[in-house]
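Welcome! Here is a short guided look at one protein model, written for someone meeting it for the first time.

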Amino acid sequence: MIFETHAHYEDGAFAADREALIKSLPVRGISPVVNVGSSLETSRKSVQLADKVDFIYAAVGLHPDAAEEAGPVAVRELEQMAADPKVVAVGEIGLDYHWPDPPRDVQKKAFAMQLEMAARLKLPVIIHSRDAEKDTEDMLRSWGVPVNTVLHCYSYSVESAENFLKMGLYFGIGGALTFKKTKKLIEVVKRLPADRILLETDCPYMAPEPVRGTRNSSLNLPYVARKIAEIRGVTEEEVIRVTAGNARRFFHV
């Protein structure tokens with residue numbers, strides 16, 4: 001079975017067929033699934049979904065886009081959600097400098113608060129980092145790397161990957177690996193230790209080739225596993241087996 005480590009099935013893109021699609025996943029070789037929150041609202045929905053479906057787990061957290069929600073009240077609610085036994089991580093949290101808002105200082109404050117929360121709760125962390133490589137690394141060094149931390153949708157260089165590896169991080173690899181202009185990511189995947197790779201989709205976003213531009217789902221994970229196998233010169237079955245073991249170790253499930 002393929003372990004899907006990063007999905008957003010609470011998203012409105014799945015409103016029309018959510019139940020049927022989710023029900024089909026184990027039949028098609030996908031299980032378990034971690035559904036990842038990105039705001040208070042989506043974190044609540046992720047927990048509700050995980051409590052309803054036995055093979056779905058939840059992560060709760062404030063994405064950089066929701067950084068302005070962060071504060072003592074929000075952190076208390078996230079901690080309350082994290083008490084649910086189906087919550088296995090804090091995320092997705094981090095920094096995103098692609099757009100000017102929210103301001104960087106607001107993002108950093110929210111990131112720090114949630115890193116502290118994860119450390120208190122002893123939960124794994126799912127990090128979103130876009131165009132914010134140095135500040136992400138600096139903040140992790142400053143605040144401490146929580147045990148089991150993954151860089152979701154890794155997009156930086158081989159050299160940066162080596163630095164993050166020294167810090168003990170895992171790497172979320174998804175549909176972007178199959179895109180035509182991904183030479184940098186291919187080199188990263190070629191060099192990563194096998195025990196540091198997690199499979200993810202970020203669905204409904206980031207659909208892989210040859211279905212790029214459509215709504216993504218966990219059913220597309222075989223495209224990613226196949227590409228990793230091709231790059232690393234191993235079988236697709238080996239990629240699925242190893243990454244599933246990595247994910248179970250990472251999330252303690």
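The report below starts with the sheet, moves on to the helices, and ends with two single residues.

## The sheet as a whole

Please keep in mind that this is a predicted model. A good place to begin is the open sheet, which is built from eight strands with parallel pairing. Reading across it, the order is E1-E2-E3-E4-E5-E6-E7-E8.

At the edges you will find strand E1 (2-7) and strand E8 (197-199), each of which pairs on one side only. From one strand to the next, the twist averages 30°.

## Strand E4 and its neighbours

Let us now zoom in on strand E4, which spans residues 87-96. How many of its ten residues are buried? The count is ten of ten, so E4 is mostly covered under the cut-off of 20% relative accessible area for a buried residue.

E4 has a pairing with strand E3 (residues 56-60), in the parallel sense and over three bridges. One bridge to look for joins Ala58 to its partner Val87 in E4. E4 also pairs with strand E5 (residues 125-130), again in the parallel sense, over five bridges. Here Val90 stands opposite Val125 in E5. To get from E4 to E5, the chain passes through helix H4 (residues 104-121), and this β-α-β crossover is right-handed.

## Helix H5, between sheet and helix

Further along E5, Ser129 is the residue that stands opposite Leu95. Helix H5 packs on the sheet, where it touches E4, E5 and strand E6 (149-152). The direction of H5 makes about 150° with that of E5.

H5 (residues 133-143) also meets helix H6 (residues 158-166): their axes come within 11 Å and cross at roughly 10°. Because angles under 35 degrees count as roughly parallel, H5 is roughly parallel to H6. On the H5 side, the contact is made by Glu133, Glu137, Leu140 and Arg141, while H6 contributes Ser160, Asn163 and Phe164. Sorted by class, this contact has two nonpolar, two polar and three charged residues.

## Helices H8 and H9

Another helix pair is formed by H8 (residues 221-232) and H9 (residues 236-251), which pack at an angle of about 110° with their axes 8 Å apart. Since 65 to 115 degrees counts as roughly perpendicular, H8 is roughly perpendicular to H9.

Which residues make this contact? From H8 they are Pro222, Ala225, Arg226, Ile228 and Ala229, and from H9 they are Glu236, Val239 and Ile240. By class, the contact of H8 with H9 has six nonpolar, no polar and two charged residues.

## Two residues to look up

Ser31 sits in strand E2 (residues 30-36). Is Ser31 buried or exposed? Its relative accessibility is 15%, so Ser31 counts as buried. Setting aside residues up to four places away in sequence, Ser31 touches Met1, Ile2, Phe3, Pro26 and Phe55.

Arg215 lies in the loop between E8 and H8. With a relative accessible area of 35%, Arg215 is partly exposed. Twelve residues separate Arg215 from Cys203 in sequence, and their C-alpha atoms are 7.3 Å apart in space. Apart from neighbours within four places in sequence, Arg215 is in contact with Ala13, Phe14, Asp17, Leu21, Pro204 and Asn220.

Note on methods. Residues numbered from 1 in each chain as written. Predicted model: local features only at pLDDT ≥ 70, side-chain atom pairs only at ≥ 80, totals over all residues. Heavy atoms only, no water. Axes fitted to C-alpha atoms, helices over the stretch in contact; angles between N-to-C directions. Helix = DSSP H or I, 4+ residues; strand = E, 2+ residues; numbered from the N terminus. Parallel < 35°, antiparallel > 145°, perpendicular 65-115°, else oblique. Contact = heavy atoms within 4.5 Å. Nonpolar A, V, L, I, M, F, W, Y, C, P; charged D, E, K, R; others polar. Buried < 20%, exposed > 50% of the residue type's maximum accessible area, 1.4 Å probe, protein only. Pairing = 2+ DSSP bridges. Right-handed = clockwise from strand over helix to strand, strands pointing away.
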